[in-house]
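Me: I would be grateful for a close look at one part of this protein. Please concentrate on a run of consecutive strands and their connections, and then set that part beside some other local features of the chain.

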Amino acid sequence: MNILEPTLNPKKTYEYEYEGVVKIGRDMADLAESGVKLQCTFKITGVSIQTFLLQSHSGEISPLQFNPSVQWDTTYTLASPNLTKRLTDELNRPFTFEYSKGQIGDIKTGGEVSNTIVNIVRGIVGFLHVTVKTTQRVYELNELGIHGVCHSAYAIEENAASKELYVTQIVDINDCHPKAAMYQGMALAEENKNSQQRGKNAIATVKYAYTVKSVEGGGLITKASALERHHFTPFNVKGGNCNLQATRNIVLLKETDTVGKPVTGQVKSRGNLMYKMEKSVAPIPVVMIKLNDPVSKIADLIKRLAQDNIYQLNSTSSSDVLALIQLLRASTNDDLESLWKQLSGNNEHRRWFLDTVVEVTDDRVLKFLANRFKAGDISANEAGQALLVAFNHLTAEVELVESAKEFLTIPFSKSHPLLWNTVVLSYGSLVYRACARETPCPVNTVQPLLDMANNGLAKKDDKDMVLALKALGNAGHPLSIKTIMKFLPGFSVKADSLSTWVQTVAVQSLRHLASRDPLSVQDITLTMFADRTLPTEIRMLASMILLETKPSVALISAVVELLLQEMDLQVASFTYSNLRAISRSRTPDNQHLSTACNIAVKVLAAKFGHLSYRYSKALHLDWFRDELLTGMSREFYVLRNGTSAIPTEIISKGKLYFIGRILQLTELGVRAEGLKELLTGRSEISEDFGAIDFATIMKIVSKSVWILEYTSFPKNKPLLSVYARVFGQEVSFLDLDLDSVTLTSSKENKIWNIIQHLQNGVSWHWTKPYLILETRFIQPTCLGLPVEISKYLSALTAITVNAKTVIKPTPKENLRELKLERYGAQLNSKTVMALPWKTDLKLNAKENNYELNFTPCKNTMELLSVNSDVYAVSRHIEDPIFTIYHPKLKYCAQASTYGTAFCTKVEAKRVHYLKEYPLYYFLGYTHFSCQLESVNPVEKIKIQISIGPQNHKSELNTAPEPVISVRVLAISPNVKEVGYEAAAYYTPAKQRDDIELIVSEVAEEVNWKICADLSVQKIQAEAKAHFKWGAECQTYEVALKVSTAGITGPKPFVNAEINWGDVPSFMQLLGKRVKEYLPGMSYVMGFYQKHEENTEHEVSAMLVASTHEGFDVKVKIPEVRVCFNICKHPPVLFDLFPVSISYHL
């Protein structure tokens, strides 16, 4: 028998029966599952030699519910006549398609037919699409299908008796280029390929089976089936997946000669067999509501939400917020304008509308906000909040970026500096997200920001340059790199004359390009790092950005060679500590870089490992679990210049690792170049920078700001610059210059305005609904129906404040006469927030006395509530009922003295709680809440704080005054005060400093106390701590001593010991467990041990530097001594746990 290619006879009519089913569930026999069934019969009739007509009839679509506790195939079919009618009205219209040698070509139908129906037809006619090679039985190829151009493997078997071919085709849906799929909402989450390699969280394949009967002129497909499987889990574990199964079965019913000429009507091309993805796919409703008549429903819902959340947060409002967003997305432009007219007259309704309309993520929200900007009927504050969210949630399409440019030219955008900053920065963020989808990204998207930067450079306006560079940093457009280089020292003559402030912003604007164009950024940053004529701060930032490009081992080696010759210890310390921190990282994105850094650290340790905290440092903490594919990291950078106690810049940022993505969390940065310049050379401030120095700095600043008004210090030079980034995008920055803090009264002065408002009384209520996360992944099934994995996270925050301030004496017009520090001012304040207590605050700055009174709540107050319900769902049915329940748990920690208990409640309903399947932890109903409950209620809680004299020696024969004393008392009528008080004493001297802390209970006939003494011997380099507690501090005691006296010898050592007298039983039990655990654990870690008689009730440890690269560790407990010699690297202990905490001081 010859292998024949599939074909259709243009003179014949073929009638087929079709059934397709999609099931979604957890692949467990007793878990409810849901799905949908699509069935119909259809005819295929020849129009010409290669063109055929498809007409469907008897179509039906039915939601399915799969019964738990029985077999997979047992289902409930639920009739859905309305859904069926909507489907068949379009599906029964004529469709034509081209077909030759088993290949589907162009598909055509009427222009009024929706893409949804066309995609279903693609799933139907796809059964004819099969590549049969007449000379091979097993082969592989890439071919077009409904999922895209995917890798396929074929196998062919012959049945000579029946003259049939059995063709099997396996398609790897993950290996499609291009792929019919859409990702939304993940542009700000960097793809983590190393994490994805550790564990595939989404696997999809489809198996096609064809029966091809030999007929005249070729082969006829008489049967075709498809079995498609999708397995998804956010974790790296075997089993416990969320599964989707799609099946398709098509059977030839009969074959007849065509009578008459087929009628196709007016049809137009709708593309080939590849699934067509809509650019703006409507989100799957999270809350099932009807979307007709949205205006009245939105207005009613906003009014109800505003009313329900006026006095305290209503935890049931979260689903209403999602319903409101869905209704807004179903509204037209005219609807939004109508709603604005209805709601803008009421402050509460107005705010709710502005906070939620921004979730209409297409051109409608741009038109609405543009109308507000042009009309000027919103405040700058309202405009800034709305535009920030709207631009960052807008669908990132190049067409919408073009529309958003308008906001850069509307005069209202420049009406307030903070609003203008928000507009420009948010536009940069929008360009970044658009460029994540477009390759290459058009230059016209970033052109306005390039023009702003060049104009600022031409005018030599620092503020304009900084804003433009920050926006370019947000955009991360590859074609902006040449413009940024104009501001980098060493690359441009003009850049060399720019302020360090502008140069630092320019360096940081390369941060996104570090991943988009790493080679270019590596060349730039390495050049700056190697140029020793550049400012120290610029070189340190360059090294930081260089390491963010994930450089190769060769490039790290070049950095090492430069460091070995480095004379600037600030640069050396910062770069070395950063290399060392990364060398200990366990996150997948640092997998290769940490290895390279580890080699570098070994080379550099002898030269730079001893540098203290007075030098610039980088700190890195991270944690990652392979089985959960989840982790977190936190980075902290301190950049110094010279010997000043004030850092030049401090940066803190973090990352979240989840299901193969890296999400940058909140990043905060503070730059204090101006403040540092102000304090340079001040003898009052030591290099060690302690609490005394901070108080001194505040005095200097308060005086110097007044002096600087009459000096040549530039008024526009920032004393302090602060920025905030969220998800890697800078959302706000504040530059405090002389004009910002000048202490004179005027309508423009912020401090004066705040004081005036507080004196008049402030009543303020604020609510903020916010859709934190909305991510979607959509791809087709073989039926032409899409499968979507979506994640939505929303939050609702509410704060109510009522405050009034009395300041004595009344402030004069010149605010310098308002004494803000210890000069006899008294402040009384009463504040009510969305907190469980009413608060009254009294401050007497002259006497350094502070009193805070709380009125505890009499009723239960819910602080936090989390509800989760994961269940199988099909349209038009009620939620399934789970059959196995776990009991409700409640735990309370009582503070009976203060009449309050903190309680947590947990309730869970589960069918499965399998330890090895983390995904199943989330299935079913979960409730978690934190509450404050009243226990033996008291009238109020009083906190009294008194601050005594700061760091001078008490006179002889005089009891020292406490540096600070705190009393926390419970007040009830006709009952004496009860509670606790604490006092701290500090006695400095030339040879030693003594600190004492005493905590005692306030009540009649009670002598319970805690006494803690700390003595620091300056000459002997020794510190001692003594803790005693119980009746008059006599019941229990523990002492601790640390000595560094031997650190300057030929073999430096540090010695520590702890000894104790009587201790509570739980501490005795803990000591016993340690005593039992230490010998075995020390053996595993590579220590050797020796049994010997040591001092009872004492544990000691000694670290001796035995070589340049390592040290000896000796630990003594009463019966055993354990040692570890010449530790050239951390002990094995650090490799036993999947948590990495790296630091270097």
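Reply: What follows describes the run of paired strands, then the backbone features, and finally a surface patch. The model is a predicted one.

The part chosen here is formed by β34, β35 and β36. Strand β34 covers residues 964-972 and strand β35 covers residues 975-988; the two run antiparallel to each other and are linked by eight bridges. Within this pairing, I964 has A984 of β35 as its bridge partner. The hairpin of β34 and β35 has two residues between the strands, and in that hairpin N974 adopts a positive phi near 60 degrees.

Strand β35 also pairs with β36, which spans residues 992-1002; this pairing is again antiparallel and comprises ten bridges. Here Y985 is placed opposite E996 of β36. The connection from β35 to β36 is a hairpin of three residues. β35 thus has pairing partners in both β34 and β36. In general, side chains in a regular strand alternate between the two faces of the sheet.

A positive phi is also found outside this part. E1032, which is not a glycine, has a phi of about 50 degrees. E1032 is located in the loop that connects β38 (1022-1031) with β39 (1036-1043). Because its relative accessible area is 41%, E1032 is classed as partly exposed. K460 is likewise not a glycine, and its phi is positive at about 55 degrees. This lysine, K460, belongs to the loop between α12 and α13 (462-475). K460 counts as exposed because its relative accessibility is 69%, the cut-off for that class being over 50%.

Two cis peptide bonds may be added to the account of the backbone. One of them leads from H177 to P178, with omega near 0 degrees. P178 is part of strand β9, residues 164-179. The other joins T439 to P440 and has an omega of about -5 degrees. P440, by contrast with a strand position, lies in the loop between α11 (417-435) and α12 (447-459).

On the surface, L418, F636, I650, V670, V722 and L734 together make a nonpolar patch of about 420 Å². One member, I650, sits in strand β18, which comprises residues 649-658. I650 is partly exposed, because its relative accessible area is 31%; a patch residue must have over 30%, so I650 satisfies that condition.

Terms used: Residues numbered from 1 in each chain as written. Predicted model: local features only at pLDDT ≥ 70, side-chain atom pairs only at ≥ 80, totals over all residues. Heavy atoms only, no water. Patch = residues over 30% accessible without salt bridge, like charges linked within 9 Å, V, L, I, M, F, W, Y side chains within 5 Å. Areas by Shrake-Rupley, 256 points an atom, 1.4 Å probe, with all protein chains shown as cover. Salt bridge = Lys/Arg side-chain N within 4 Å of Asp/Glu carboxyl O. Helix = DSSP H or I, 4+ residues; strand = E, 2+ residues; numbered from the N terminus. Buried < 20%, exposed > 50% of the residue type's maximum accessible area, 1.4 Å probe, protein only. Pairing = 2+ DSSP bridges.
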